[in-house]
Amino acid sequence: MSILEVSGLRKVYTTRFGGSRVEALHNVEFTVEQGEYVAIMGESGSGKTTIGRSIIRLYNPTDGRITFNGKVISGALDRNTRSMLRSDMQMIFQDPMASLNPRKKVGDIISEGMDIHHRFANRQEREEKISEMLKKVGLSPEHAARYPHQFSGGQRQRVGIARALIMNPKLIIADECISALDVSIQAQVVNLMKDIQEETQCAYLFIAHDLSMVKYISDRIGVLHLGYMVESGTKEEIFSHPVHPYTKSLLSAIPVSYTHLT
C-alpha cells in the first residue's frame, strides 16, 4: 500500500525582480510504500530538498499531484487535511540551528507537535515521553531544560530527530539528517531510525548524497539530476546495474578504501 504517491511534480521559482523563471523540478514521479525506506540521491542543487519541502507543503508545488495517506495534499488544504498532514508527516531538516527555535528550551521544542495535537493525557506523561525520546537519540533527560545554543551541531541535529520521531508519524522526510553528525553517531541514529521503522511501520523519504549510507539504509532509490528523476529502482539494481550515465558517474565517485587497494 502506497503511503505517498507523487506524480508530475513541478516546481518553478520566479525571481522577485525581472520575473525570470527557474524550473527546479521537472515532472518528478515516485511512490513510497508503507514501512519502506526510499532514498533520493543526487548532487547539490539537483532539487532533492525542493522535493521534500514541496511534499510537506513548505513550498507550494507549481504543478503535479501529491497523495498522502489516501488524501490529495498538492492543492488547497482544508482544516482536517492540514491537521492530518502536520501530524502524520514530519521532516528532519539539514540545518539544525536554523530549524530550532533559539528562544525555546529543548523539551518544549521536542514536544511542540504533541502540544498542538494533544498527544498526552497529562503533564507527567508529556515529560516522560520527552525523556524517553531524548534517551533514544543519545541525549540525557536533563538536556530538556537547555537551549539549542548550548549544544554542539550534532547534538542539535539529534534534537531535531527527536522532535520528528516523537509524533510517531506515518512518513518522515529526512533531508541530509545525518550529515552534521560524527561517523559513530551517524550509525547510532540510522540504526535508531530503522528500529523505529520496524516498531511503527513508518516510511522514510531519505534525501542524501552519502552513497554508502544510501546503500545501507534504503529499499529503493531515485536518482535526481538537474530536477529530473533520471533513474529509479531497488538498491541492488542501482548499485549493481546502473543504466543512466549520471548514475554511473555518481557511483564511480565513491571512495575506495585503502584496505581494498592492498
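**Exercise 1.** Leaving aside its neighbours within four places in sequence, which residues is arginine 126 in contact with? State also where arginine 126 is placed and whether it is buried or exposed.

*Solution.* The model is a predicted one, and the first step is to find arginine 126 in helix 6, which covers residues 123–136. Once the neighbours within four places in sequence are set aside, the contacts of arginine 126 are Gly107, Asp108, Ser111, Met114, Asp115 and Phe120. The last step uses the relative accessible area, which is 5% for arginine 126; because buried means under 20%, arginine 126 counts as buried.

**Exercise 2.** Describe how helix 7 and helix 8 are placed against each other, and which residues make the contact.

*Solution.* The axes of helix 7 (residues 153–165) and helix 8 (residues 183–200) come within 12 Å and cross at roughly 0°. Since angles under 35 degrees count as roughly parallel, helix 7 is therefore roughly parallel to helix 8. On the side of helix 7 the contact is made by Arg158, Ile161 and Leu165, while helix 8 contributes Ile185, Val189, Leu192 and Ile196. Sorted by class, this contact has six nonpolar residues, no polar ones and one charged residue.

**Exercise 3.** Trace the open sheet of six strands, and then look at how strand 3 is joined to strand 9.

*Solution.* The order of the strands is 6-7-8-3-9-10, with mixed pairing, and the edges are strand 6 (89–92) and strand 10 (228–234), each of which pairs on one side only. Strand 3 (residues 37–41) and strand 9 (residues 220–225) run parallel and are joined by four bridges, and alanine 39 stands opposite isoleucine 221 of strand 9. Finally, helix 2 (residues 79–88) lies across strand 6 and strand 7 (171–175), running at about 45° to strand 6.

Technical notes
Residues numbered from 1 in each chain as written. Predicted model: local features only at pLDDT ≥ 70, side-chain atom pairs only at ≥ 80, totals over all residues. Heavy atoms only, no water. Helix = DSSP H or I, 4+ residues; strand = E, 2+ residues; numbered from the N terminus. Buried < 20%, exposed > 50% of the residue type's maximum accessible area, 1.4 Å probe, protein only. Contact = heavy atoms within 4.5 Å. Axes fitted to C-alpha atoms, helices over the stretch in contact; angles between N-to-C directions. Parallel < 35°, antiparallel > 145°, perpendicular 65-115°, else oblique. Nonpolar A, V, L, I, M, F, W, Y, C, P; charged D, E, K, R; others polar. Pairing = 2+ DSSP bridges.
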